[in-house]
Amino acid sequence: MSQENVELVRGMCEAFLAGDVAAALDVLHAEVIWHGTIGGIEEGRTAHGHNEVIQGFMESLRDWESHSLEIEDYLDAGDSVVVLWHEVGRGKRSGVEVETRTAVVYTVRDEEVIEVQGYMDRRQALQAAGLS
């Protein structure tokens, strides 16, 4: 089942990167819990359900003049999938470019993503998912 989880999350992430938000949302449970990235500016924030997730993305993206995401790897963690992300953004007000390499743990149940937790520190994400 875990390889199926990797393919499910891969399809969701690729749809999101291609701009197909509807296809990405189809993989998220209607009541998904999306936690703000630990170590990031959204830490402590939690979005519940599709509408709050969309709103959270829109709020965070409006501060960037430019923003890009690239997937570096997908790691099978049984009921979870860890995605290693490379992110580059340029602030609208500051003009400063920021580059990070983060990880996100997607928890899957019954062929849907039910919970999402991002980490600025990839080692923390791997530990949280039971990987070393």
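Which strands does α1 lie across, and at about what angle does α1 run to β3?

**View 1. Helix α1 against the sheet of the predicted model.** α1 lies across β1, β3, β4, β5 and β6, and runs at about 170° to β3 (axes are lines fitted to C-alpha atoms, for helices over the stretch in contact, with angles from 0 to 180 degrees between N-to-C directions; contact means heavy atoms within 4.5 Å). Helices (H or I, at least four residues) and strands (E, at least two) are DSSP runs, numbered from the N terminus. N5, V6, V9, M12, C13 and A15 of α1 are buried, that is, under 20% relative accessible area with a 1.4 Å probe and protein chains only. Just after α1, G19 adopts a positive phi of about 90°.

**View 2. The open sheet and its edges.** Six strands follow the order β2-β1-β6-β5-β4-β3 with mixed pairing, two strands being paired if DSSP finds at least two bridges between them. Because β2 (46-48) and β3 each have a single partner strand, one side of each is left without a neighbour in the sheet. From one strand to the next, the twist averages 20°.

**View 3. V81 in strand β4.** V81 is buried, with a relative accessible area of 0%, and its contacts include V6 and V9 as well as V104 and V105. The C-alpha atoms of V81 and V105 are separated by 5.7 Å, although these residues lie 24 residues apart along the chain. β4 and β5 run antiparallel and are joined by 11 bridges.

Residues are numbered from 1 along each chain as its sequence is written. In this predicted model, local features need pLDDT of at least 70 and side-chain atom pairs count only at pLDDT 80 or more, whereas totals for chains, interfaces and linings use all residues, and side-chain values use heavy atoms, with hydrogens and water left out.

Conventions: Buried means under 20% relative accessible area, exposed over 50%, partly exposed in between (1.4 Å probe, protein chains only). Lists of a residue's contacts leave out its neighbours within four places in sequence.
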